Every structure is written in structure tokens, then in C-alpha cells.
Amino acid sequence: MQGKITLVGTGPGDKDYICPRALQALEQSDIIAGYKTYIELIKTLFPEKQFASSGMKKEVDRCVEVLELAEVGNVVSLISSGDAGIYGMAGIMLEIVAERQSEVPVDIIPGISAATSAASLLGAPLMNDFVTLSLSDLLTPWELILKRIRAAGEGDFAVALYNPRSKTRIKQLDTAVDILLQYQKPETPVGIVKQAMREGQQVVLTTLGELKNADVDMLTTVIIGNSQTQVINGKMVTIRGYRL
């Protein structure tokens with residue numbers, strides 16, 4: 001008997017921001033698996049369900065467990081915060097299914113990403129071309145991240161930064177700011193969003209020149225404007241070029 005795996009993006013975690021198809025998939029699951037912090041965010045929505053949670057840096061083990069559960073007939077949802085296909089679990093799950101030559105079907109249901117949820121709270125900073133960059137070098141070499149930051153600056157992209165600073169990665173954000181200041185003015189608007197659409201939400205507008213001094217951590221999404229970004233009536237807006 002063969003089960004099924006569904007990758008579910010749960011967005012910021014609040015039920016109001018999880019799409020109906022994702023809620024339906026979770027309700028139809030025998031088991032809901034995921035990182036323990038994200039499981040806690042949705043656990044009360046499904047009190048009758050069986051959960052399989054694991055800690056940080058256990059992504060491979062988590063996917064192997066999910067596959068093994070599905071191969072004995074369970075319908076398993078593997079959740080990611082935000083969107084499962086953006087720094088989430090979709091890629092590694094598909095890799096493991098392929099590596100083990102499993103025939104378990106895998107579906108992917110999208111969610112609201114950290115970049116888009118933060119952008120909506122700030123205004124409209126991603127109205128034109130933009131890039132997302134993670135400053136975590138756990139899986140990507142730092143030299144490659146530096147190359148991508150330079151390219152984003154040279155291309156005049158608005159930039160959404162994930163994992164901007166942690167207790168052990170103190171200087172990466174400062175380095176990113178120094179690089180982007182080679183292409184953008186210090187007055188360039190920057191939005192800082194913590195705990196988007198969760199308890200403890202914080203939204204701050206600052207500038208690229210002041211970003212190094214801002215209170216930023218792993219739970220923060222930072223959006224840096226491009227050369228056309230302005231603050232209009234307290235909202236961060238990247239002008240796309242419409243004639244008014």
C-alpha cells in the first residue's frame with residue numbers, strides 16, 4: 001500500500017494566511033511533519049492529527065522519515081513556513097524521493113513567502129524586478145553569496161534578505177550593506193519586518209545608510225529598495241513607471 005507526500009507552505013503560520021487548498025491537504029493527512037517551531041504554529045488547528053516534529057539542521061532526516069511513512073501507506077504533509085519551494089523543504093524532498101527511486105507521489109502547495117508577507121506590511125516595495133538573497137552560508141559558500149549581492153546591486157534590483165543576522169553570523173549583513181552602498185544612495189528606503197503576521201510583529205522603516213545599526217535577527221526579513229523606491233505616506237513604494 002502506497003501513501004502520498006504533500007509539501008505544504010503554511011505562510012506566516014496564522015490560519016488566515018494559509019490557502020484553503022493547504023488547509024484541506026493538512027486536514028486530509030494521516031501525519032503532519034515539520035520543523036518543531038513551525039509545527040507548534042499550526043498544532044492547535046488540527047488537534048486530532050498525529051505530528052512528527054524535528055529540530056533545526058535535521059532536514060534530510062526529516063525527509064527520509066516522511067518518505068518512509070508514506071511508503072507504508074500514510075498520507076503525509078511536510079510543512080514549511082512561507083513557501084515550501086522558497087528556501088523550504090520541496091527541493092530536498094524531491095531529491096530524496098528520486099535518490100531512493102521511490103514511486104510515492106509528491107504534490108506541492110504554495111504558501112505566502114516571507115518576502116511577500118513583509119512587503120505587504122511595508123507597502124509595495126517589490127513592485128518591479130527584485131531578488132531574494134539568504135545571507136546564511138550554511139549551504140551556500142559565502143563567496144558565492146557576495147557575488148550575488150554585487151550582481152543585485154549592479155542590476156538595481158530591490159532586495160529581500162532572508163537570514164540577515166544570527167548570534168554566530170554578525171558581520172554578513174554589514175558586508176552586504178557595504179556592497180549595496182556602492183550602487184545605491186544611503187537614503188535608499190529599507191523595511192525591517194519581524195514576526196510578520198504573528199504575535200510580536202514589528203515593522204520598521206529605515207535607510208540603507210542606517211541599516212547596520214538596526215535591530216535585526218534570524219526572524220527578520222529585510223527589504224532594501226532600488227533607485228526608484230520612495231516612502232509615500234509612510235509606506236515603502238518602488239515606483240514601476242506608470243504615468244499619473
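## Two open sheets and a surface patch

In this predicted model, strand β9 (residues 189-194) and β10 run antiparallel and are joined by six bridges. Within this pair, Val190 lies opposite Thr206 of β10. Both strands belong to an open sheet of five strands with mixed pairing, ordered β7-β8-β11-β9-β10. Its edges are taken by β7 (130-134) and β10 (202-207); each has a single partner strand, so one side of each is left without a neighbour in the sheet. Neighbouring strands here are turned against each other by 20 degrees on average, direction ignored. Helix α5 (residues 114-122) packs on this sheet and touches β7, β8 (158-162), β9, β10 and β11 (220-224).

Another open sheet of five strands has parallel pairing and the order β3-β2-β4-β1-β5. At its edges stand β3 (50-54) and β5 (106-109), each with a single partner strand, so one side of each lacks a neighbour in the sheet. The twist from one strand to the next averages 20 degrees. Helix α3 (residues 59-71) packs on this sheet, in contact with β1 (4-9), β2, β3 and β4 (75-80). Strand β2 (residues 31-35) pairs with β3 in the parallel sense over five bridges, and Gly34 has Ser53 in β3 as its bridge partner.

The directions of the two packing helices relative to a strand are as follows.

| Helix | Strand | Angle between directions |
|---|---|---|
| α3 (residues 59-71) | β4 (75-80) | about 160 degrees |
| α5 (residues 114-122) | β11 (220-224) | about 65 degrees |

On the surface, Met127, Tyr242 and Leu244 form a nonpolar patch with about 440 Å² of accessible area together. Of these residues, Leu244 is placed in the segment after β13 (235-238).

Key: Residues are numbered from 1 along each chain as its sequence is written. This is a predicted model: local features need pLDDT of at least 70, side-chain atom pairs count only at pLDDT 80 or more; totals for chains, interfaces and linings use all residues. Side-chain values use heavy atoms; hydrogens and water are left out. Two strands pair if DSSP finds at least two bridges between them. Helices (H or I, at least four residues) and strands (E, at least two) are DSSP runs, numbered from the N terminus. Axes are lines fitted to C-alpha atoms, for helices over the stretch in contact, and angles run from 0 to 180 degrees between N-to-C directions. Contact means heavy atoms within 4.5 Å. Patches are made of residues with over 30% relative accessible area and no salt bridge: like charges are joined within 9 Å, nonpolar side chains (Val, Leu, Ile, Met, Phe, Trp, Tyr) within 5 Å. Accessible areas come from the Shrake-Rupley method with a 1.4 Å probe; for residues, only the protein chains shown count as cover. A salt bridge is a side-chain nitrogen of Lys or Arg within 4 Å of a carboxyl oxygen of Asp or Glu.
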